[in-house]
Amino acid sequence: MGKNIYLLVGLLLMLVSCVNDKKGESADNILLFDIAKSVKFQMVSSLSPDRIINLAFSDSTMIDGNASLLYDETYFVYSKGSAIAPMRFDKEGNFLNYIGRVGNGPKEYNKIGDVCLNRREKTVEILSGSYVYVYDYQGKYVDKLDHKQTAFSFAIDKDGYHWFYLGNNSVNGEAKMVRMGAKCQDMQKFLQEESTLLPMVEANFGRGAMLTFKETLNHDIYRISDGEIKKSYSIDFPNYHLPQELHKTAPMEVVPLLQKSDYASILNYSENQKYLFLQVLLNKSGQMVPEIYYWIYQKSSGKDIIFSLDQSVPFDSYICYPQFLSEDDRLYFMGFLLDKEIETTGSEENPAIVIIDVSSLVFS
């Protein structure tokens with residue numbers, strides 16, 4: 001899976017998202033990240049797998065590094081920017097089919113910008129340039145939708161609306177998000193905010209039990225439902241607040257400002273009825289490798305668990321690549337497996353899907 005997670009700081013120094021603004025918020029929707037409560041991740045006992053699914057490996061089914069996982073009765077695996085079409089696997093990890101083809105033909109896409117499932121229609125939709133290519137679950141071409149946007153990621157909600165993340169782009173005005181209909185028509189703008197910052201290349205949408213949205217450098221997290229996007233919580237990271245002047249800083253001056261700042265970034269956010277899951281990076285001034293934390297919050301009790309990872313966790317371990325939180329309280333990861341306390345990987349295998357039962361954790 002590569003060293004992507006530890007090298008995220010390099011991306012942050014190239015492309016920057018937005019900072020949060022807590023003006024007008026009530027205190028009851030703010031969650032406090034208390035680093036003093038964190039416990040060290042233990043290879044064997046922490047987040048122990050409930051189930052492991054080994055994905056079939058062959059010369060034609062090699063999975064690219066830093067791949068993403070989607071699920072609807074079967075598994076879909078893809079990598080952004082890859083020249084390999086998304087792959088579909090059954091519940092046991094057996095390969096079923098590719099989704100479309102990468103190419104320049106009339107029914108082909110030339111680059112994978114993002115992928116999501118349309119569960120209403122049982123189709124896979126692939127963002128490539130200003131188009132969305134639609135295929136059925138067996139990989140057969142269905143349609144091609146022209147969304148006419150410069151989008152970095154997208155999602156489809158349960159009502160069939162398409163949501164496109166545009167970032168801060170003067171061409172689009174102040175809207176960072178647009179919602180369009182099933183055929184990419186009737187555009188409506190959301191998250192309008194004036195800022196000089198550039199968007200990051202990131203996975204903005206969490207596609208677990210609830211459709212969620214976040215920006216890595218924004219400490220507000222959102223839920224999408226009923227055709228609307230609403231803020232779920234604002235996260236308070238004491239001593240790791242982003243410089244407020246970033247909104248008005250010239251793009252070329254952002255990197256030096258961040259290098260002198262201690263700030264938190266949310267790499268992954270997923271939510272269901274009972275829990276929140278966040279993968280948090282704490283970036284310290286002068287420190288090239290960020291600190292990595294997993295934060296699981298239990299809604300009913302207000303209790304949480306914070307695991308801290310250190311550099312002893314291998315770069316390609318499944319524990320470094322969370323995917324989503326399901327409705328039945330399972331947290332899905334995808335990466336290579338542990339061999340006792342030392343992880344070894346070979347060239348003749350694919351990453352595995354690792355499922356962890358969050359309800360089995362003890363919250364304090």
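Here are some notes on confidence, one helix and one pocket in this predicted model.

1. Ground rules first. Residues are numbered from 1 along each chain as its sequence is written, and side-chain values use heavy atoms, without hydrogens or water. Since this is a predicted model, local features need pLDDT of at least 70 and side-chain atom pairs 80 or more, while totals for chains, interfaces and linings use all residues.

2. On confidence, the protein chain has a mean pLDDT (the predictor's confidence in each residue, from 0 to 100) of 85, with 85% of its residues at 70 or more. Residues 1-27 fall below 50, yet this stretch has 93 contacts (heavy atoms within 4.5 Å) beyond near neighbours in sequence. Residues 340-345 are also below 50, with 14 such contacts. Where pLDDT is low, don't read the predicted coordinates in detail.

3. Now helix H2, residues 251-259 (a DSSP run of H or I, at least four residues). Val254, Leu257 and Leu258 are buried there (under 20% relative accessible area, 1.4 Å probe, protein chains only). They sit on the same side of H2 because they cover an arc of only 95° around the axis (taken from the directions from the axis to the C-beta atoms). Met252 and Glu253, on the other side, are exposed (over 50%).

4. Last, the second largest pocket. Its lining comprises 25 residues, with Arg119, Arg207, Gly208, Ala209 and Met210 nearest the centre. By class, eleven are nonpolar, five polar and nine charged (Asp, Glu, Lys and Arg count as charged, Gly as polar).

Terms used
1 Å grid on protein atoms, 1.4 Å probe; cavity = no way out; pocket = protein on both sides within 12 Å on 5 of 7 lines; lining within 4 Å. Helix = DSSP H or I, 4+ residues; strand = E, 2+ residues; numbered from the N terminus.
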